[in-house]
Amino acid sequence: MIQIKNATQIQAMKKAGRITGEALLTAREHVRPGVSTKYLDDVIRSYIERAGAKPSFLGYAGFPGSACISINDEVIHGIPSAKRILEEGDIVKIDVGAFIDGFHGDSARTIPVGRVSPEAERLIAAAEESFRRAVEQFKEGNRIGDIGAAVEGCVSQAGYHVVRKYIGHGIGHDLHESPDVPNFGTPGRGPRICCGMTLAIEPMINVGTHLVRELDDGWTVVTEDGSLSAHYENTVALTPDGVINLTQVD
Ligand code: MG
Ligand code: MG
């Protein structure tokens, strides 16, 4: 069932969203060649805990990190490690969640490490643009399929591929709530959008194929063909005054 939030609940979600966004922004300031993904994870954990919140992902289904940190062809769910060192030209996806006062925030960015290829830059920009197109469709009377169709249309126009196996989601008391929010769909199909909905909209897009597979570590998802992948996510709420982006602080 879709959990519709009232104004008080959305107010509480602003706090979780702000801490999530700030933790992510703080980590981004530490992205540079030579830094390990474990170091970035430590930065995120300490930021969230100092803010009085809990990292939503730590221990989630046994996940060992506070953030998911995925490099290049890794799409999502990368496990932070002291052995994974960022190199010039990499793109790194940092996915963060914070839980406070009964609510979660969830946000992800793809960050270039030093100078990256024009293709990488274009891919990162396409992921962000597809998110913006999705948010335009997040309005009363539309359906969830309108969001997915907007992402899919934007991404395929850029010549890239939308991941189909992993999708966005409702969010609130639980990190993952109804409805599912696929990054593909048919306009006019799916659950009807209404005020009080809170969603994590999160395009995951690949250069070469929509196909992905999970590594033997049981977490890391990579592109099937080894091509680059980008991810862009915010937690958004639909209110009578329009969409509020709860995790955007940059
Ligand atoms: Mg996320
Ligand atoms: Mg999410």
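**A magnesium site and its fold**

Me: What spacing do the donors of the magnesium ion (ligand 2) follow along the chain?
Reply: In this predicted model, the donors of the magnesium ion (ligand 2) follow the spacing D-x62-H-x32-E-x30-E.

Me: What makes Asp106, His169, Glu202 and Glu233 donors of the magnesium ion (ligand 2)?
Reply: The atoms concerned are OD of Asp106, NE2 of His169, and OE of both Glu202 and Glu233, and they lie 2.1 to 2.2 Å from the ion. A donor is an N, O or S atom within 2.8 Å of such a metal, so these atoms count as donors.

Me: Which residue bridges the magnesium ion (ligand 2) and the magnesium ion (ligand 1)?
Reply: The bridge is made by Asp106, and the two ions lie 3.2 Å apart.

Me: What makes His169 and Glu233 a pair that links distant parts of the chain?
Reply: His169 belongs to strand 7 (residues 168-170), whereas Glu233 sits in the loop between strand 13 (229-231) and strand 14 (234-239), and the two are 64 residues apart. Both His169 and Glu233 are buried, a word used for residues under 20% relative accessible area.

Me: How many helices and strands does the protein have?
Reply: The protein has four helices, together with 15 strands.

Me: Why is the protein called as compact as a globular protein of that length?
Reply: Its radius of gyration is 17 Å, which is close to the 18 Å that the globule rule gives for 250 residues, and therefore the description applies. Buried residues make up 52% of those 250 residues.

Methods. Residues numbered from 1 in each chain as written. Chains lettered and ligands numbered in written order. Predicted model: local features only at pLDDT ≥ 70, side-chain atom pairs only at ≥ 80, totals over all residues. Heavy atoms only, no water. Buried < 20%, exposed > 50% of the residue type's maximum accessible area, 1.4 Å probe, protein only. Rg over C-alpha atoms; globule rule 2.2 N^0.38 Å.
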